[in-house]
Amino acid sequence: MEEKIKACVLQALESAAGTKGEGVYLVSVRVKGAGKQTKIEILLDSDTGIRIDQCSFFSRRIRELLENEGGTPVLDGEDFDLMVSSPGLGEPLLMPRQYLRHTGRLLRVIWKDELQSEKTVTGRLQQVLKTEGEITAVRLVPVKTGKKSAGNVQEPIELMLDCIVRAVPEAEL
């Protein structure tokens, strides 16, 4: 069922290209529960951030497709809750493309070093690095937190995306 829902979402995004859907892409689809308790959570994003009116537009369009895809409903007669939103603060980055939007922001990154030991760093995403057009690595400037952190400038570090276990945008106060 998740694949059919994903196909409906991609169809809605494709048909809206050039209008409200310009630059919007699918981050994830989650289906929870079954029957009358089915909840569908769809996360959409764009390189400049997705607006609430875009989420509302796609929610209506996706619901139409789910209820009547080519005359055959994907969720045949089932009640379901549909939530279309953007990844919020504290949500991990799931796609390489999401790093572009977070350039200049603070991230908390867990990665594995060459010995497969997990390490954690909080740093400002300075640059997204590409190889042959594909995002392959990020450059972070580590920041120290706490009272004694003022004036401590650290050298940037480069992390390959395939070594990153989890990257989460942090709130800045």
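User: Buried means under 20% relative accessible area, exposed means over 50%, and partly exposed is what lies in between. Going by that, is Phe57 buried, exposed or partly exposed?

Analyst: This is a predicted model, by the way. Phe57 has a relative accessible area of 22%. The cut-off for buried is under 20% and the one for exposed is over 50%, so Phe57 comes out as partly exposed.

User: And Phe58, is that one buried or exposed?

Analyst: The relative accessibility of Phe58 is 0%. The limit for buried is under 20%, so Phe58 counts as buried.

User: How do the rings of Phe57 and Phe58 sit, stacked or edge-to-face?

Analyst: The count of aromatic pairs comes to one. In the pair of Phe57 and Phe58, the ring centres are 5.2 Å apart and the planes make 75 degrees. Planes over 60 degrees apart get their own class, so Phe57 and Phe58 are edge-to-face.

User: Zooming out, what pattern does the protein chain follow along the sequence?

Analyst: The protein chain has three helices and eight strands. Reading along the sequence, they come in the order α-β-β-α-β-α-β-β-β-β-β.

User: What share of the contacts in the protein chain with a separation of 6 or more comes from residues 24 or more positions apart?

Analyst: For context, buried residues make up 38% of the 173 residues in the protein chain, and its accessible surface comes to about 10500 Å², with 48% of that on carbon and sulfur atoms. As for contacts with a separation of 6 or more, the share from residues 24 or more positions apart is 52%.

User: What span should helix 1 have from its residue count, and how far apart are its end C-alpha atoms?

Analyst: Helix 1 has 14 residues, and the rise is 1.5 Å a residue. That gives an expected span of 20 Å, which agrees with the distance between the end C-alpha atoms, 20 Å.

User: Within what arc do the buried residues of helix 1 fall?

Analyst: The buried residues of helix 1 are Ile5, Cys8, Val9, Ala12 and Leu13. They line one face of helix 1, because seen down the axis they fall within an arc of 135 degrees.

User: Which exposed residues does the face of helix 1 turned away from its buried side carry?

Analyst: On the buried side, the cover of helix 1 includes strand 1, strand 2 and helix 2. The face turned away from that buried side carries the exposed residues Glu3, Lys4 and Glu14.

User: What arc do the buried residues of helix 2 cover?

Analyst: Helix 2 runs over residues 52-67, and its end C-alpha atoms are 22 Å apart, in agreement with the 22 Å its 16 residues should span. Buried in helix 2 are Gln54, Cys55, Phe58, Ile62, Leu65 and Leu66. They sit on the same side of helix 2, because around the axis they cover an arc of only 95 degrees.

User: Which elements are included in what covers the buried residues of helix 2?

Analyst: One helix in that cover is helix 1, residues 2-15. The strands in the cover include strand 1 (24-32), strand 2 (38-46) and strand 3 (80-85).

User: Ile50 is in a loop, so is it buried or exposed?

Analyst: Ile50 sits in the loop between strand 2 and helix 2. Leaving out residues up to four places away in sequence, Ile50 touches Val24, Leu44, Asp45, Cys55 and Ser86. Its relative accessible area is 14%, and the limit is under 20%, so Ile50 is buried.

User: How far apart in space are Ile50 and Gly23, C-alpha to C-alpha?

Analyst: In sequence, Ile50 and Gly23 are 27 residues apart. In space, the C-alpha to C-alpha distance of Ile50 and Gly23 is 9.0 Å.

User: Which residue takes a positive phi in the hairpin of strand 5 and strand 6?

Analyst: Strand 5 (residues 118-131) and strand 6 (residues 134-142) run antiparallel, joined by eight bridges. One bridge pairs Lys130 with Ile135. The hairpin has two residues between the strands, and the one with phi near 50 degrees is Glu132.

User: Is Gln116 buried or exposed?

Analyst: Gln116 lies in the loop between strand 4 (106-112) and strand 5, with a positive phi near 65 degrees. Its relative accessibility is 54%, and the cut-off is over 50%, so Gln116 counts as exposed.

User: Which residue in strand 7 does Ala137 stand opposite?

Analyst: Strand 6 pairs with strand 7 (residues 157-160) in the antiparallel sense, over four bridges. The residue of strand 7 opposite Ala137 is Met160.

Methods
Residues numbered from 1 in each chain as written. Predicted model: local features only at pLDDT ≥ 70, side-chain atom pairs only at ≥ 80, totals over all residues. Heavy atoms only, no water. Phe/Tyr/Trp six-rings, centres within 6.5 Å; stacked < 30°, edge-to-face > 60°. Buried < 20%, exposed > 50% of the residue type's maximum accessible area, 1.4 Å probe, protein only. Contact = heavy atoms within 4.5 Å. Areas by Shrake-Rupley, 256 points an atom, 1.4 Å probe, with all protein chains shown as cover. Pairing = 2+ DSSP bridges. Expected span 1.5 Å × (residues − 1). Arc of directions from axis to C-beta.
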